[in-house]
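Biologist: I would like a close look at the aromatic side chains of this model, with whatever else helps to place them. Please take your time over the answer.

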Amino acid sequence: MKITIGQINPTVGDIEGNVARIIAAAQTAREHGAQLLVCPELCLTAYYPADLLEESGFQQRVALGIEALRQASRQMRDLHWVVGAPMPRPGPGKQLNNCLLVLHNGEIVLQYAKQLLPTYNIFDERRHFEPGPDVAKVLRVGDQQIGLLICEDGWNDEGADYAVNPFQRLADAAPDLVVSINASPSNIGKREQRHQIFGQASRRHRLPILYVNQIGGHDQLVYDGASFAVEPEAGVVFEAQRFVEDVRTLHFAQGRFSAEDGGALPLVRQEGLSTMAFYQAQIVLGLRDYARRCGFQRVVVGSSGGIDSALTLALAAQALGPDKVTAVTMPSRYSSAGSVDDSVTLCKNLGIELFTHPIAELVHGYGQQFEQSFSAPLQGLSLENLQARIRGTVLMAYSNRFGHLLLTTGNKSEISVGYCTLYGDTNGGLGLIGDLYKTEVFALSRHVNEAAGRELIPNLIIDKPPSAELAPDQLDSDSLPPYPVLDEVLKLLIEGERLAGWEYREASEFVATLRRQAEGVALVEKVRGMIARNEYKRRQAPPIIRVRARAFGSGRQMPIAAKHV
């Protein structure tokens, strides 16, 4: 039989648009003579609709979407459509299941409800869904028995996390092929984790598996696609493209996958992206979809001449095009001439328009009025933060006046310890590098230049010591430990065992070495306290694009008013 992978990019809540995408994939499947089309989990609503599911009229729109798909399937009589949608369930409690539907010739010929509903990290499915019954669903298509699963149902094959094991139940039904529909968010190491888990399940049960994932950016989450086919002996034998829609037809017979003409697979397996190439691709897709879905055509960034704003501008230019990106440099009395010159060179390299809006007179005027009103001069931290807040106000004024999306430029190291100004440099609608530690910001900046084959981000920016330039001769190292030290401590305190194996070992060994000395113990505890005290800032910050296993936002929910030990 021929199977078409419908790796599509649906939009949350856009039922009509998602129906059109599914039908377009079905038309491609029909053109290639496929008998089965497989689309991702909750593709009708896109993953994850969250409390939209409780909005008045939303389920009615879902029902209309299903009816539209049923009517379309009637025109493609030889094709079975596998789609994901929220469906009503009878009985008490929450009235929805996260369902897989099979449509054929205008009818729903199979309905399977997801059994394992994740509630960890970024997931909260039990808020909206009830688990399905502990049953296996198998469908005959031609001479093949197809077993069906939804995402989390396939991640618990060894039974470690849940009381039931849907994969084992399905394996007991002895299908010829297991099809799993998914909405699996991407982070560093996730692709390899999927291959490992489903590869082990394939070998354990002697079953081939087709894993279909969605792609696209949805708020802070990015889905990378990378749908794949795995066989018991060979492992992963096919992988769809990452970070793009990919509607691809495969041939399946006698437990083996091949190209749609029965020949060798056109793409056996992609090499994994380097960490920096992955970060770049994930952030670019995240911004592109966020701007498109929210109705923004252009973005604006405050260009300080430092590494964070430089990298943000470079990634924005790649995602949207240089003509859609505006930079604003806002020098004060403490800004070095080099920083202003570096902003000019950066924007020239990127082809971005740069505006200059000095703030020295604004800072002076604020200071005069403050002293007149309160009989005390602005000085120290209050004066430093005022400069950041004036810059934030200028950028928000530009955003309001011209309709640009303002991008924040904070990195994970600074956001972790509160080395940022609330209502200043935290202003904006989206953060591109908020899940990158400062050392990773430097590494990704170098990678951007290497990938481009030229110096997009001036080496002068990459090589100079980081500084907020809010006071005379100020350096980040005046207030913080060196970033190579700080970042290893932060990784262990914030992400811990969620880190990739090698990264966890390195961070653990580094911090263990620090703790052998009293100064190191004090440093770790100081950083721990800084993280805890600055939760209130993170709670008010814009969303950031997630690239790591544990990012600030929905994946790390900490109280503000609490005693942290």
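Biologist: Is Y47 buried or exposed, and why does it count as such?

Modeller: With the caution that this is a predicted model, Y47 has a relative accessible area of 3%, and because the cut-off for buried is under 20%, Y47 counts as buried. The ring of Y47 pairs with that of Y48 in a tilted arrangement, with 4.8 Å from centre to centre and 50 degrees between the planes. This pair belongs to a wider grouping, since ring pairs link Y47, Y48, F129 and Y223 into a cluster. Across the structure there are 14 aromatic pairs, and another of them joins F252 and F257, which are also tilted, at 5.0 Å centre to centre with 50 degrees between the planes; both F252 and F257 are buried.

Aromatic rings also meet charged groups here: the charged end of R401 sits over the ring of F402, 5.1 Å from the centre of that ring, while the charged end of R538 sits over the ring of F552, at 4.7 Å from its centre.

To set these rings beside the internal space, the structure holds one cavity of 30 Å³ or more, and the largest cavity contains about 30 Å³ of space. Its lining consists of I188, E495, R498, L499, A500, E503, R548 and A549, and by class this lining has four nonpolar and four charged residues, with no polar ones.

Note on methods. Residues numbered from 1 in each chain as written. Predicted model: local features only at pLDDT ≥ 70, side-chain atom pairs only at ≥ 80, totals over all residues. Heavy atoms only, no water. 1 Å grid on protein atoms, 1.4 Å probe; cavity = no way out; pocket = protein on both sides within 12 Å on 5 of 7 lines; lining within 4 Å. Points joined across faces, edges and corners; volume = space filled by probe spheres on them. Nonpolar A, V, L, I, M, F, W, Y, C, P; charged D, E, K, R; others polar. Phe/Tyr/Trp six-rings, centres within 6.5 Å; stacked < 30°, edge-to-face > 60°. Buried < 20%, exposed > 50% of the residue type's maximum accessible area, 1.4 Å probe, protein only. Lys NZ or Arg CZ within 6 Å of the ring centre and 35° of its normal.
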